[in-house]
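User: I've got a structure here and want to talk through chain B with you. Could you take my questions one by one?

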Amino acid sequence: MNRQITILVRAELKEIFAQRRVYHFLPLLVIGSFLMAWIFSVGSPFAPIIVLVVTGLEPQFNNIIFRTPNELQALGILSCSWRNVIVAKNVASLIHFGLFLILVSMSLLYFSPEVITGAHAEEAALYIVTVAFPLLHTGNTQSLRRPRRYSGLRLEDLVQAVWMCVNLALLSVPFYVFSNLPLPWISCTAYGVLTGILWYKISVRSSSVYLAEHFSDLCLTD
Amino acid sequence: MPDRLNIIECTAVVKEYDRGVRALDGMTMSVPAGSIFGFIGLNGAGKTTTIKILAGQSRCDEGDVVLFGKPLGEHDELIKREIGFVLDEPLYFEWMTAAEYLSFVGAMYDLPKNETSRRSGELIDFFGLNEKRDARIGTYSTGMKKKISLAAAVIHTPKLIVLDEPLEGIDAVAASAIKETLTLMASNGTTILITSHVLDTVERFCTDIGIIHKGKVLLQCKTVDIRSRAKNMVNDHMFGSLEELFVDLVSEKQHAKSLSFLS
């Protein structure tokens, strides 16, 4: 990883804790404590936790160029490669996803009536492997086609959060197919690696090209 | 083929906003290498639009913009390495401290880590930001934000610095220090494009001047030549100062009318 990406990832990781957005997890934790009380017929006790984390981190995935209102222009006057910017933002989103998954799990698993086993954790890990890169790809597309200069608790943000959950449900289909096949950890891992390669080769490249070509238009975002 | 001695070449640039408002209407100007180019005009004359086009934040509808001999939009990343921008709305990451932001900017320009920390320390000291070096930029005053933007624009010792109203909101002591620094940089070969409303400052500080009005550059010349050039342009009248000339060129006699309640 080159120095520019390292510095960008470090800045991204720090940014979320400097914003009010991190407090969005508080109401989500309250909702989560109720959701955990059910035994879900589909998925493991980790299912509501993953949904809550994805909802809470929605701007990290779906609004990558405007985490703060002037961010795009601020990056635009510096000599940074858009490819590095996209990679760094996506890598930081994955790290946030893992971090918040651990934190939210620690807070909410207590409320689950089920006994949490290693099999549950393994299933959750395999599930995340299959959805992580597709989520980054759809997030990159959404960030560039429907950017929002401000993200907070407006109607638009709630709509985007619901869209994110629907999207997550659709992206879960491969996992449910693989989990019904023999040796799911091989098929899920192979699928994860394949989506990772496609993310880097196609999503990052096309997003950075789009960003370079439409930079001045994106600067006009309301 | 662009003149190699000009760092910026704008030819017949047109920029039209929604509702048919023409911010730039065939604007042509060139900024010579090593000059301190004062770009002056009334509010809405097209200065900020020009600078936004140079920064890539806006796209011209017609005309050519050439930076360092290359058309705008080509090799952007490499060209931006040679430029420092201070735009009308200072751009930074509010949640970073001054030291963090300058380190971030240094890294974006691939400055070595040790050199970045040395330069950022010096810049923080120079701009008098030591007391608030560990405070978030979002908590700074307007003047301090301007200073941090300026610090970020010069940390990588660019070949071109583009400054939109850099002295606005800055105290006199800091403004004087900034002007000295920019003059020093220009003497070392850095080209500086600066917009300002303070004509007196522009006249004393800039080596070249361009006057823009209603999206067109009306006059561009060396500051030392301004009186003789203007004499030829405006009815053979000799002007005592840049302010007199500027008002005559752009006012269109709008000040000739008097306010009835004051007469």
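User: Which strands does helix H1 of chain B lie across, and at about what angle does it run to E2(B)?

Analyst: This is a predicted model, where local features need pLDDT of at least 70 and side-chain atom pairs count only at pLDDT 80 or more, while totals for chains, interfaces and linings use all residues. Residues are numbered from 1 along each chain as its sequence is written, with chains lettered from A and ligands numbered from 1 in the order written. Helices (H or I, at least four residues) and strands (E, at least two) are DSSP runs, numbered from the N terminus, and angles run from 0 to 180 degrees between N-to-C directions of axes, which are lines fitted to C-alpha atoms, for helices over the stretch in contact. H1(B), residues 47-54, lies across E1, E2 and E4 of chain B, and its angle to E2(B) is about 65°.

User: Why is one side of E2 and of E5 in chain B left without a neighbour in the sheet?

Analyst: The open sheet in chain B has four strands in the order E2-E1-E4-E5, with antiparallel pairing; strands pair if DSSP finds at least two bridges between them. E2 (22-32) and E5 (70-71) of chain B have one free side each because they stand at the edges, each with a single partner strand.

User: How many bridges join E1 to E4 in chain B, and which residue stands opposite Ile8(B)?

Analyst: E1 (residues 6-16) and E4 (residues 62-67) of chain B run antiparallel, and the bridges between them number five. Across from Ile8(B), in E4(B), is Leu67(B).

User: Which helix gives the most to the side of chain B that touches chain A?

Analyst: Contact here is C-beta atoms, placed from the backbone, within 7 Å. By that rule, 19 residues of chain B are in contact with 20 of chain A. Helices H2 (76-80) and H3 (98-108) of chain B are the elements that give two or more residues to that side. The top contributor, with four residues, is H3(B).

User: How confident is the predictor in chain B, and what ipTM does it give the complex?

Analyst: pLDDT is the predictor's confidence in each residue, from 0 to 100. Chain B averages 86, with 89% of the residues scoring at least 70. Where pLDDT is low, the coordinates shouldn't be read in detail. For the complex, the pTM is 0.89 and the ipTM is 0.88.

User: How many helices and strands does chain B have?

Analyst: Going by its secondary structure, chain B comes to nine helices and ten strands.

Notes:
Two residues are in contact if their C-beta atoms, placed from the backbone, lie within 7 Å.
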